[in-house]
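Open the structure and keep it beside you. This report takes a short tour, one region at a time.

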Amino acid sequence: MLSERFTAALVYATELHAKQVRKGSGVPYVAHLLGVASIALEYGANEDEAIAALLHDAIEDQGGAATREEIRRRFGDHVTAIVDGCTDADTIPKPPWRQRKEAYIAHLPTASPSVLLVSAADKIYNAQSIVKDYRILGESLWQRFQGGKEGTLWYYQTLVDTFKNTGPTAMAEELARIVLEMANLAS
């Protein structure tokens, strides 16, 4: 069961991302955070993992080191470590896109099971969103992404391969199904 800590994390995440929308869609960002937490919970997340799912983009998008320390103060070292493991950059400006994505993928084989669970939930949600939006927008969708069509397809296929080798297995299989659909639509 989820406690008041989860509720506090939900409120905090909503406040942090209140003015943020999903890239190109105008959908409030909190929808993504709720979706990732939902997927994580459906695949067996404990409360710390569910809280980290709500906060997985907080350091990267909403304040860097200061936000990391606030997460640590409010939710502890374990949640902070999971969020850190899901963060591909905590500096402004961010490093170049390809460099960030390669570094993120490279760290996954040594990541904790909790980081892998939250990361996989995030990637499943994002891949589902790409497929849904591609059906509506077609090729113009790829303009949203710094990696464009080729880079985005490379990134998600490489994530599939990485998760298949590191776990969690059921989530890797689900991501593989979605990424295959993405690739088929894009071809």
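What follows walks through a helix, its neighbour, two loops and the aromatic rings.

This is a predicted model.

**Helix α3 and its surroundings**

Start with α3, which covers residues 47–55. Is α3 largely enclosed or open? Of its 9 residues, 9 are buried, so the rest of the structure largely encloses α3. The buried residues are Glu47, Asp48, Glu49, Ala50, Ile51, Ala52, Ala53, Leu54 and Leu55. What do they pack against? Their partners are α1 (4–16), α2 (30–42), α4 (58–61), α5 and α7 (113–137).

Look at the start of α3 as well. There, a side-chain oxygen of Asn46 comes to within 3.1 Å of the backbone nitrogen of Asp48.

Now pick out one residue. Ala52 is part of α3. Its relative accessibility is 0%, so Ala52 counts as buried, the cut-off being under 20%. Setting aside neighbours within four places in sequence, Ala52 is in contact with Val79, Ile82, Val83 and Val118. For a sense of distance, take Ala52 and Leu153. They are 101 residues apart in sequence, and their C-alpha atoms are 26 Å apart in space.

**Where α3 meets α5**

Helix α5 spans residues 64–85. The axes of α3 and α5 are 9 Å apart, and the two helices pack at an angle of about 90°. The range for roughly perpendicular is 65 to 115 degrees, so α3 and α5 fit that label. Which residues make the contact? From α3 come Asp48, Glu49, Ile51, Ala52 and Leu55. From α5 come Ile71, Phe75, His78, Val79, Ile82 and Val83.

Thr80 also lies in α5. Is Thr80 buried or exposed? Its relative accessible area is 1%, so Thr80 is buried. A polar atom of the Thr80 side chain lies 2.7 Å from the backbone oxygen of Gly76. Beyond its neighbours within four places in sequence, Thr80 is in contact with Arg68, Ile71 and Arg72.

**Loops**

Next, move to the loop between α3 and α4, where Asp57 is found. Asp57 has a relative accessible area of 7% and is buried. Its side chain makes a polar contact of 3.1 Å with the side chain of His56. Not counting residues up to four places away in sequence, Asp57 touches His17, Tyr29, His32 and Gln62. Asp57 and Leu33 are 24 residues apart along the chain, with 8.3 Å between their C-alpha atoms.

Gln20 sits in another loop, the one between α1 and α2. Gln20 is buried too, with a relative accessible area of 16%. Its side chain makes a polar contact of 3.2 Å with the side chain of Asp61. A polar contact of 2.8 Å links the side chains of Gln20 and Gln62. Which residues does Gln20 touch, not counting those up to four places away in sequence? They are Pro28, Tyr29, Asp61 and Gln62.

One more loop deserves a stop. It runs between α5 and α6 (97–107), and Pro93 lies in it. The peptide bond joining Ile92 and Pro93 is cis, with omega at about -5°.

**Aromatic rings**

How many aromatic pairs does the structure hold? There are 7 aromatic pairs. A pair of rings is described by the distance of the centres and the angle of the planes. The table gives two of the pairs.

| Pair | Centre to centre | Angle between planes | Label |
|---|---|---|---|
| Tyr134 and Trp142 | 5.8 Å | 45° | tilted |
| Trp154 and Tyr155 | 6.2 Å | 35° | tilted |

Why is the pair of Tyr134 and Trp142 tilted? Its planes are at 45°, and pairs under 30 degrees are stacked while those over 60 are edge-to-face, so this pair is tilted.

How covered are these residues? Tyr134 is buried at 13% relative accessibility. Trp142 is buried at 5%. Tyr155 is buried at 4%. Trp154 is partly exposed, because its 24% relative accessibility falls between the cut-offs of 20% and 50%.

Trp154 has further partners. Ring pairs link Trp97, Trp154, Tyr155 and Tyr156 into a cluster. The charged end of Arg98 also sits over the ring of Trp154, at 3.6 Å from its centre.

Terms used:
Residues numbered from 1 in each chain as written. Predicted model: local features only at pLDDT ≥ 70, side-chain atom pairs only at ≥ 80, totals over all residues. Heavy atoms only, no water. Helix = DSSP H or I, 4+ residues; strand = E, 2+ residues; numbered from the N terminus. Buried < 20%, exposed > 50% of the residue type's maximum accessible area, 1.4 Å probe, protein only. Polar contact = N/O pair within 3.5 Å; in protein donor to acceptor, adjacent residues only side chain to side chain. Contact = heavy atoms within 4.5 Å. Phe/Tyr/Trp six-rings, centres within 6.5 Å; stacked < 30°, edge-to-face > 60°. Lys NZ or Arg CZ within 6 Å of the ring centre and 35° of its normal. Axes fitted to C-alpha atoms, helices over the stretch in contact; angles between N-to-C directions. Parallel < 35°, antiparallel > 145°, perpendicular 65-115°, else oblique.
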